[in-house]
Number of protein chains: 2
Amino acid sequence: MSGPLRLYELVLENGRSASPYVWRIRYALAQKQVAYESVMLGFTDIPRTFSGRCKTVPVIEHDGTLISDSWDIAEYLDRTFHTGVKLFSTPAELAMCKLMDAWFAPNVARRMLHVYVLDVHDAAKPEDRAYFRQSREARLQSSLEAVVENRIATLAELREALAPLRTHLRRFPFLGGAAPNYTDYIALGALLWVGSVSTLPLLARDDEVMCAWLERGLELYGGIGRDPRLKPLIE
Amino acid sequence: MSGPLRLYELVLENGRSASPYVWRIRYALAQKQVAYESVMLGFTDIPRTFSGRCKTVPVIEHDGTLISDSWDIAEYLDRTFHTGVKLFSTPAELAMCKLMDAWFAPNVARRMLHVYVLDVHDAAKPEDRAYFRQSREARLQSSLEAVVENRIATLAELREALAPLRTHLRRFPFLGGAAPNYTDYIALGALLWVGSVSTLPLLARDDEVMCAWLERGLELYGGIGRDPRLKPLIE
C-alpha cells in the first residue's frame with residue numbers, strides 16, 4: 001500500500017507555484033489522477049530542506065524515496081501509478097517529448113529567461129532575492145538588469161520562435177494532437193512560470209492560435225492552471 | 001488480395017531518387033516491410049503522368065487508388081499493411097512527428113533549399129532544368145544564383161539550426177529514441193536529398209553526433225540509403 005505522494009514546489013512572495021518544471025509535474029499528476037500534497041519552498045529553502053541532496057524542484061517524496069529531475073519523476077509516475085492516462089504511451093513518445101524539449105529549451109525557454117529574469121527576482125520572496133540575483137548573475141555572467149535591457153527585442157524573437165507551435169496548433173488542438181501530452185505541459189509550464197511573474201505580456205493579442213491553445217491548456221483537469229494571481233499572458 | 005504497390009519517385013540525371021518526401025516513404029515502406037516497384041519520373045514527367053491530378057511525388061498507386069502527399073501515404077501504409085513495425089504507434093506519435101516537421105521545415109529544410117537549389121537544378125535531367133528554374137525562381141522570387149550567393153553563411157546557419165537534433169542524439173541513437181521513427185526519416189530524407197546533388201558538404205567533420213547518426217541512418221534496412229552516387233555529406 002503506497003503512502004501519499006508529496007510534491008515539493010517553488011513558491012514566490014504571492015504564494016504561487018512558479019517553476020516551469022514543477023508545472024510539468026503538476027499537469028502530469030493531474031493526467032495520471034494521482035493525489036498529492038504540496039510543500040511550498042522558497043529558493044533558499046530548497047538546499048536546506050534536502051540537506052543539499054536536491055538543489056532544484058520539483059522533488060517528489062513517495063514511499064520513503066526522494067526523486068528529483070522532472071523527467072525522472074514523470075517516468076516514475078508512469079511506472080508506479082496505473083491510474084489516469086499514461087504520460088508516455090510508448091518509448092517513442094517519451095523520446096519525442098525530449099526531442100521537443102531539446103528544441104524548446106534553447107529557442108523558447110532561454111529567451112523567456114532573458115525577458116523575465118528580473119521579474120522573477122522581483123516576485124521572489126524577499127529573503128530569496130539576494131540568492132536569486134547572485135546565482136543567476138553568475139550563471140548569466142551579467143547583471144539581471146543588463147540581461148533584460150533589450151527585452152522588447154528579445155520578446156519579439158521569442159514570439160517568432162513560437163512559429164513551429166503555431167503551425168502545429170493550426171492542425172491540432174494540442175501539441176500532443178487530439179489530446180494534450182507532455183509536450184503541452186512543457187510549453188504550458190513555461191507560460192505559467194512567466195505568468196507567475198510577468199510585467200510584460202508574452203503573447204500578442206492577435207496571436208489567436210497560441211492564445212486559444214493557452215486557454216485550452218488553462219482549462220485542463222478542472223482548470224489547475226487558472227489562478228487569480230496569474231499575470232496577463234496576453235497583451 | 002492486394003496488388004503490388006507502385007511508388008512514383010523523382011529522378012535526377014544520374015538516376016538517383018532525389019525527393020526528401022519520397023525518401024520518407026522509402027524508409028516507411030522498409031519499416032513496414034512492404035515490397036514495391038519504383039517508377040522514376042523527372043520533374044516534367046510528373047504532371048503528364050498523372051494528367052495534372054498529382055503535382056508532386058511521392059505518389060503511390062495501390063489497388064487502383066492513387067495517393068499523394070507523404071503524410072497521407074504514411075497513414076495509408078499503417079492502415080493497410082500490418083507487417084513490419086507501425087509507423088505511428090499512437091495518434092500522439094503521429095502528431096509529434098508533425099510537430100517535429102513544423103520545426104524542421106522552416107528551420108532546416110528551408111535553409112537547405114537556400115544552399116542547394118542551384119545544385120538541384122544542375123543535377124536535374126537536362127529536359128527538366130528550364131521548368132525547375134522557372135518554377136523555383138517564381139516561388140523564391142529570385143534567380144537561383146542569387147538565392148545561393150551567400151550559401152556559405154546559410155550553411156553555417158543550417159548547421160547551427162541542427163542544435164536540437166544534436167542535443168537529442170547525445171542521449172539517444174535515433175530521433176525516435178532507441179529505434180528510428182518517422183522523425184528520423186524526415187531528417188534522413190532531407191540529407192539524402194542534399195546528398196543527391198550537393199557540391200558543398202553539409203556536415204562539418206567534427207560534428208560527430210550528427211555524422212554518427214547519419215551513418216546509422218544509412219545502414220538501416222539493409223543500407224537502402226547507401227549509394228555510390230551519393231555525394232559527400234560530411235566535409
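**Figure 1. Surroundings of A:Ile224 in the predicted model.** With a relative accessibility of 29%, A:Ile224 counts as partly exposed, and this residue is found in the segment that follows helix α10 of chain A. The structure shown here and in the other views is a predicted model. When neighbours within four places in sequence are left aside, the residues in contact with A:Ile224 are A:Trp23, A:Arg26, A:Tyr27, A:Ala30 and A:Leu218. A:Ala138, by contrast, is not part of this close-up: A:Ala138 and A:Ile224 are 86 residues apart along the chain, and their C-alpha atoms are separated by 34 Å.

**Figure 2. Confidence of the prediction.** For the model as a whole, the scores are an ipTM of 0.95 and a pTM of 0.96. Within chain A, the mean pLDDT is 96, and 99% of the residues reach a value of 70 or more. As a general caution for reading such views, predicted coordinates should not be read in detail where pLDDT is low.

**Figure 3. Strands β1 and β2 of chain A.** Strand β1 of chain A, which covers residues 5–10, is mostly covered, since 5 of its 6 residues are buried. This strand runs parallel to strand β2 of chain A, formed by residues 36–41, and 6 bridges join the two. One of the paired positions can be followed from A:Leu5, whose bridge partner in β2(A) is A:Tyr36. For a reader who traces the side chains along a strand, it helps to recall that in a regular strand they alternate between the two faces of the sheet.

**Figure 4. The hairpin of strands β3 and β4 in chain A.** Strand β3, made of residues 59–62 of chain A, pairs with strand β4, made of residues 65–68 of chain A, in the antiparallel sense and over 4 bridges. A:Val59 stands opposite A:Ser68, which belongs to β4(A). Between the strands of this hairpin there are 2 residues, and in the hairpin A:Asp63 takes a positive phi near 55°.

**Figure 5. A salt bridge between helices α4 and α7 of chain A.** A:Arg111 and A:Glu157 form a salt bridge in which the closest N and O atoms are 3.0 Å apart. Because A:Arg111 lies in helix α4 (residues 91–123) of chain A and A:Glu157 in helix α7 (residues 151–161) of chain A, the pair ties together parts that are 46 residues apart in sequence. The two partners can also be compared by their accessibility: A:Arg111 counts as buried, at 17% relative accessibility, whereas A:Glu157 is partly exposed, with a relative accessible area of 43%.

**Figure 6. The salt bridge of Glu235 and Arg159, seen in chain A and in chain B.** In chain A, the side chains of A:Glu235 and A:Arg159 meet in a salt bridge, at 3.3 Å from N to O. The pair links distant parts of the chain, as A:Glu235 lies in the segment after α10 (208–223) of chain A and A:Arg159 lies in helix α7 of chain A, 76 residues apart. A:Glu235 is partly exposed, and its relative accessible area is 41%. In chain B, the side chains of B:Glu235 and B:Arg159 meet in a salt bridge, at 3.3 Å from N to O. Here B:Glu235 lies in the segment after α10 (208–223) of chain B, while B:Arg159 lies in helix α7 (residues 151–161) of chain B, with 76 residues as their separation. B:Glu235 is partly exposed at a relative accessible area of 41%, whereas B:Arg159 counts as buried at 18% relative accessibility.

**Figure 7. A network of salt bridges in chain A.** A:Asp45, A:Arg48, A:Lys125 and A:Glu127 are linked to one another in a network of salt bridges. Over all chains, a search of the whole structure finds 38 salt bridges.

**Figure 8. The cavity lined by residues of both chains.** The count comes to 1 cavity of 30 Å³ or more, and about 110 Å³ of space lies in the largest cavity. Among the residues that line the largest cavity are A:Met96, A:Leu99, A:Met100 and A:Trp103 from chain A, as well as B:Met96, B:Trp103, B:Pro164 and B:Leu165 from chain B. The elements that give two or more residues to this lining are α4 of chain A, together with α4 (91–123) and α8 (163–169) of chain B.

**Figure 9. Surroundings of A:Leu169 in helix α8.** A:Leu169 lies in helix α8 of chain A, which is formed by residues 163–169, and at 7% relative accessibility A:Leu169 counts as buried. Apart from neighbours within four places in sequence, A:Leu169 is in contact with A:Phe174, A:Leu175, A:Val209, A:Met210 and A:Trp213. A:Leu169 and A:Ala212 are 43 residues apart in sequence and, from C-alpha to C-alpha, 9.2 Å apart in space.

Methods
Residues numbered from 1 in each chain as written. Chains lettered and ligands numbered in written order. Predicted model: local features only at pLDDT ≥ 70, side-chain atom pairs only at ≥ 80, totals over all residues. Heavy atoms only, no water. Pairing = 2+ DSSP bridges. pLDDT = per-residue confidence, 0-100. Salt bridge = Lys/Arg side-chain N within 4 Å of Asp/Glu carboxyl O. Buried < 20%, exposed > 50% of the residue type's maximum accessible area, 1.4 Å probe, protein only. Contact = heavy atoms within 4.5 Å. 1 Å grid on protein atoms, 1.4 Å probe; cavity = no way out; pocket = protein on both sides within 12 Å on 5 of 7 lines; lining within 4 Å. Points joined across faces, edges and corners; volume = space filled by probe spheres on them.
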